[in-house]
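The following paragraphs lead the reader through a protein chain, from its overall make-up to the packing of its helices and the loops between them. Please keep the sequence and the model in view while reading.

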Amino acid sequence: MTDMFLMSVSPETEAGAIVALNRETEGNGLRLTHAQAEQLVEVRAQSLRRTGRVEFALGRVERIIRAFCDSPYLSQEDYADALSALIELFDAVKTETDDRISDEALIEEMRAAFDGVCHGSLELLADEVLSRVVRRVNARGGMEWKMTEDV
């Protein structure tokens with residue numbers, strides 16, 4: 001039986017699409033191996049299952065990779081692990097806010113905070129900044145706001 005949280009494209013095809021992004025990221029010294037890309041596909045699937053979310057394409061993973069690939073706080077050594085954490089954080093915030101913040105706005109705010117007030121700390125991003133995003137989005141009924149203005 002096919003897992004309802006995954007699209008019909010095979011994990012191998014998804015991993016290949018992620019590896020293809022190396023053309024865009026390697027100029028910043030960041031590159032994913034096929035094994036790391038497969039791991040990201042698995043992290044994505046687990047995160048979708050855990051949060052009860054459905055996604056029919058790799059769009060958010062690709063947008064997260066593109067948004068963060070030129071961060072001065074990412075290195076080749078922590079790149080794959082950081083992407084895994086960012087995917088999980090993204091899904092958690094989307095779920096906890098009932099999708100009242102757009103994907104684009106959330107990714108933009110995550111990147112601004114990661115490079116700004118968090119100085120590359122995923123723990124600070126998760127524990128302090130994104131918890132504030134959830135509280136404020138929920139309190140405002142989903143009105144868009146700029147995290148960097150409120151932090």
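Helices, which are DSSP runs of H or I with at least four residues, are numbered here from the N terminus. The model is a predicted one. With that numbering, Glu 26 can be placed in the loop between α2 and α3. Its relative accessibility is 42%, and Glu 26 therefore counts as partly exposed, since that class lies between the limits of 20% for buried and 50% for exposed. Along the chain, 43 residues separate Glu 26 from Cys 69, yet the C-alpha atoms of the two are 8.6 Å apart.

The chain as a whole may be described next. Its secondary structure comprises 8 helices and 0 strands, and the order of elements from the N terminus is accordingly α-α-α-α-α-α-α-α. Of the 151 residues in the protein chain, 41% are buried. Among contacts with a separation of 6 or more, 65% join residues that are 24 or more positions apart.

A useful point of entry into the packing is α4, which spans residues 59-68. Within this helix, Arg 60, Val 61, Ile 64, Ile 65 and Phe 68 are buried. Viewed down the axis of α4, these buried residues fall within an arc of 140°, and they therefore line one face of the helix. What does this face pack against? The buried residues of α4 pack against α1 (11-20), α2 (22-25), α3 (34-51), α5 (79-96) and α6 (103-115).

Several of these partners also pack against one another. Two packed helices are described by the angle between their axes and the distance between the axes. The description may begin with α1 and α3, whose axes come within 8 Å and cross at roughly 120°. This angle makes α1 oblique to α3, because it falls outside the ranges for roughly parallel, roughly antiparallel and roughly perpendicular. The crossing of α1 past α3 is right-handed. On the α1 side, the contact involves Pro 11, Glu 12, Glu 14, Ala 15, Gly 16, Ile 18 and Val 19; on the α3 side, it involves His 34, Ala 37, Glu 38, Leu 40, Val 41 and Arg 44. By class, the residues of the contact of α1 with α3 comprise 7 nonpolar, 2 polar and 4 charged.

Helix α3 also meets α5. Their axes come within 10 Å and cross at roughly 20°, which makes α3 roughly parallel to α5, because angles under 35 degrees are classed in this way. Here, too, the crossing is right-handed. From α3, the residues in contact are Gln 36, Leu 40, Val 43, Arg 44, Ser 47, Leu 48, Arg 50 and Thr 51. Opposite them in α5 are Ala 80, Leu 83, Ser 84, Ile 87, Glu 88, Asp 91, Ala 92 and Thr 95. The residues of the contact of α3 with α5 divide into 7 nonpolar, 5 polar and 4 charged. Leu 40 and Arg 44 of α3 appear in the contact with α1 and in that with α5.

Helix α5 in turn packs against α6. The axes of α5 and α6 come within 11 Å and cross at roughly 130°, which makes α5 oblique to α6. The crossing is right-handed. Leu 86, Leu 89, Phe 90, Val 93 and Lys 94 form the α5 side of the contact, while Asp 103, Leu 106, Ile 107 and Met 110 form the α6 side. How do these residues divide by class? The contact of α5 with α6 has 7 nonpolar, no polar and 2 charged residues.

The loop between α5 and α6 deserves separate attention. Thr 97 lies in this loop and has a relative accessibility of 0%, so it counts as buried. Apart from its neighbours within four places in sequence, Thr 97 is in contact with Val 134, Val 137 and Asn 138.

Asp 98 belongs to the loop between α5 and α6 as well. This residue has a relative accessible area of 55% and is therefore exposed. Its phi is near 50°, a positive value in a residue other than glycine. Asp 99 is likewise found in the loop between α5 and α6, and its phi is also positive, at about 60°, although it is not a glycine. With 42% relative accessibility, Asp 99 counts as partly exposed.

How values were computed. Residues numbered from 1 in each chain as written. Predicted model: local features only at pLDDT ≥ 70, side-chain atom pairs only at ≥ 80, totals over all residues. Heavy atoms only, no water. Buried < 20%, exposed > 50% of the residue type's maximum accessible area, 1.4 Å probe, protein only. Helix = DSSP H or I, 4+ residues; strand = E, 2+ residues; numbered from the N terminus. Arc of directions from axis to C-beta. Contact = heavy atoms within 4.5 Å. Axes fitted to C-alpha atoms, helices over the stretch in contact; angles between N-to-C directions. Parallel < 35°, antiparallel > 145°, perpendicular 65-115°, else oblique. Left-handed = near helix turned anticlockwise from the far one by under 90°. Nonpolar A, V, L, I, M, F, W, Y, C, P; charged D, E, K, R; others polar.
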